[in-house]
Amino acid sequence: MNLPLNKERNMNLPLNIDYTGKVVVITGAGGVLCGDMARAFAQAGAKVAALDLNEDSVKKLADECKSEGYICEGYKANVLDSEALEAVHKQTLAELGPCDILINGAGGNNPKASTDNEYHHEAENGQKSFFDLDSEGIDFVFRLSFQGTLLPTQVFTKDMAERKSGVILNISSMNAYLPLTKIPAYSGAKAAVSNFTQWLAVHFAGTGIRCNAIAPGFLVSNQNRSLLFNKDGTPTSRTEKILNGTPMKRFVESEDLLGAVFFLCDNKAASAITGVVLPIDGGFSAYSGV
């Protein structure tokens, strides 16, 4: 059925880059990715609560934003400690107001949960194989990514549930779709985050709360720099494999994520979008290798 287009009707649905008055809580804001998100939301008019275990990093971020005339407060927060999160919640309520948008960005890998080789048959004596993976390291990775998403959601979405409005945005990874070699715990933990995103979307569907996630592709960070580049700055064989499998032939930059973040957090433009995990990967997931 063809519907007539009313040319006089103004749909007025631009991507919202004005978040004036919105309270945005971002965990993991001491890192590059979520730090950039915090700065971007502050520049878009939001009142930003930047949370991280590294208090110095988020305080520095907040000071920089304030010096530019924006609203941002930095808080020390352990995303694995419910009592600590509740204390920060009280602070943000008093200083900024109830949470409108929660971005769960805390996460990371641990060397104890990674193998030295992509394939077991290539492992040499002294190298860490699958059988040498440390249970405490694996537990840390899972807790940081999964519980580090669940616990802040329990604390900060209370505001949203009471007001029947809000947005949750989780940070998953392309590892969640297909696990990468060497990092089984991190891949599995991010798969759990994607699954939890869908669960939350269904659970909160009747409350006016939407929940989505982004799945960044390969980024260069302090955590993985040694895996991607040699000490002299030349790319490792792993980098060559990544770029050969990425149609855009480049790594993802933190700025590449911001458009998707603003879109998914916009209750007007993305009003019917919930339970989605959006890849931002330069085409990596679409390429068969041929």
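Is Glu 162 buried or exposed? In this predicted model, Glu 162 has a relative accessibility of 67% and therefore counts as exposed. Glu 162 has its place in helix α4, and although Thr 207 is 45 residues away along the chain, the C-alpha atoms of Glu 162 and Thr 207 are separated by 8.7 Å.

**Around helix α4**

A contrast within that helix is offered by Thr 157, which also lies in α4 but has a relative accessibility of 5% and so counts as buried. When residues up to four places away in sequence are left out of the count, Thr 157 touches Leu 102, Pro 152, Ile 168, Phe 204 and Ile 209.

Helix α4 also packs against helix α3, and here the two axes are 9 Å apart and make an angle of about 30°. Because angles under 35 degrees count as roughly parallel, α3 is described as roughly parallel to α4. The crossing of these two helices is right-handed. On the α3 side, the residues that take part are Ser 82, Leu 85, Glu 86, Val 88, His 89, Thr 92 and Leu 93, and they meet Leu 151, Pro 152, Val 155, Phe 156, Lys 158 and Asp 159 on the α4 side. Sorted by character, the residues of this contact between α3 and α4 comprise seven nonpolar, three polar and three charged ones. Pro 152 thus appears in two settings, since it belongs to the α4 side of the helix contact and is also among the residues that Thr 157 touches.

**Salt bridges**

How many salt bridges does a search of the whole structure find? The search finds nine, and three of them are set out below with the N to O distance of each pair and the relative accessibility of both partners.

| Salt bridge | N to O distance | Accessibility of the Arg | Accessibility of the Asp or Glu |
|---|---|---|---|
| Arg 39 and Glu 64 | 2.9 Å | Arg 39, 23% | Glu 64, 26% |
| Arg 163 and Asp 100 | 2.9 Å | Arg 163, 36% | Asp 100, 14% |
| Arg 250 and Asp 256 | 2.9 Å | Arg 250, 37% | Asp 256, 31% |

Arg 250 forms its salt bridge with Asp 256; Arg 250 counts as partly exposed, and Asp 256 is likewise partly exposed. Elsewhere, salt bridges that share partners join Arg 39, Lys 60, Glu 64 and Glu 68 into one network.

Within that network, the side chains of Arg 39 and Glu 64 meet in a salt bridge. Arg 39 lies in helix α1, which covers residues 32-43, while Glu 64 lies in helix α2, which covers residues 55-67, so this pair ties together parts that are 25 residues apart in sequence. Arg 39 counts as partly exposed, and Glu 64 falls into the class of partly exposed residues too.

The salt bridge between Arg 163 and Asp 100 leads back to helix α4. Arg 163 lies in α4, which covers residues 135-163, and Asp 100 lies in the loop between α3 (82-95) and β4 (101-104), so the pair ties together parts that are 63 residues apart in sequence. The two partners fall into separate classes of accessibility, for Arg 163 is partly exposed, whereas Asp 100 counts as buried.

How values were computed. Residues numbered from 1 in each chain as written. Predicted model: local features only at pLDDT ≥ 70, side-chain atom pairs only at ≥ 80, totals over all residues. Heavy atoms only, no water. Salt bridge = Lys/Arg side-chain N within 4 Å of Asp/Glu carboxyl O. Helix = DSSP H or I, 4+ residues; strand = E, 2+ residues; numbered from the N terminus. Buried < 20%, exposed > 50% of the residue type's maximum accessible area, 1.4 Å probe, protein only. Axes fitted to C-alpha atoms, helices over the stretch in contact; angles between N-to-C directions. Parallel < 35°, antiparallel > 145°, perpendicular 65-115°, else oblique. Left-handed = near helix turned anticlockwise from the far one by under 90°. Contact = heavy atoms within 4.5 Å. Nonpolar A, V, L, I, M, F, W, Y, C, P; charged D, E, K, R; others polar.
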